[in-house]
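Me: I've got a model open and want to talk it through. Can you take my questions one at a time?

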Amino acid sequence: MTDSAQAELSRDNSAPLRDDFLRIPELAINPLGDRIVHSFFTEGSEDGVNFRQFMRTLAKFRPIKEHQANQLNSREAKLKFAFNMYDLDGDNMISREELLSVLHMMVGANISEEQASSSN
Ligand SMILES: [Ca+2]
């Protein structure tokens, strides 16, 4: 995290809200930024994210180290995190529409509707 991002998140003592995260430049330009921000709030609540919730989500991005088992960044935790990026409505299923929607978030205007929904 950059100094500006850290300063943005700690500018006052209140827990960061969704909009605070979206003001971080690295997240603002990330096509999945909104989904990543959402993941912080699935660990916590809409009222904000405390330090523990913040770290539990960040841990998912840590590489897996052999002989240092940690359930927060285990292979299964990472897969669940990736799955949740696509499960937009949180029903534990990825529908075709959700898959296409996330695909569009990632490639934007670089792919036509026809290409995105092609099953070939
Ligand atoms: Ca779903």
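**Two asparagines and the overall fold**

Reply: Sure, starting with one residue: N84 has 17 other C-beta atoms within 10 Å, so N84 is partly exposed. Bear in mind that this is a predicted model.

Me: Where in the protein is N84 found?
Reply: Look at the stretch covering residues 75-86. That run is a helix, and N84 is part of that run. So by the DSSP numbering from the N terminus, the element is helix 6.

Me: Leaving aside neighbours within four places in sequence, which residues is N84 in contact with?
Reply: A contact here needs C-beta atoms within 7 Å. One partner, T42, is 42 residues away in sequence, with 9.6 Å between the C-alpha atoms. With those close sequence neighbours left out, the contacts of N84 are S39 and T42.

Me: Now N92: is it buried or exposed?
Reply: N92 sits in the loop between helix 6 and helix 7, the latter being residues 96-107. The cut-off for exposed is 12 or fewer other C-beta atoms within 10 Å. N92 has 8 such neighbours, so it counts as exposed.

Me: What is the phi of N92, roughly?
Reply: N92 isn't a glycine, yet its phi is positive. The value is about 65°.

Me: Zooming out, how many helices are there in the protein?
Reply: Reading along the sequence gives α-α-α-α-α-α-α-α. There are zero strands, and the helix count is eight.

Me: And what percentage of the residues is buried?
Reply: Buried takes 20 or more other C-beta atoms within 10 Å. Of the 120 residues in the protein, the buried share is 5%.

Notes. Residues numbered from 1 in each chain as written. Predicted model: local features only at pLDDT ≥ 70, side-chain atom pairs only at ≥ 80, totals over all residues. Helix = DSSP H or I, 4+ residues; strand = E, 2+ residues; numbered from the N terminus. Contact = placed C-beta atoms within 7 Å.
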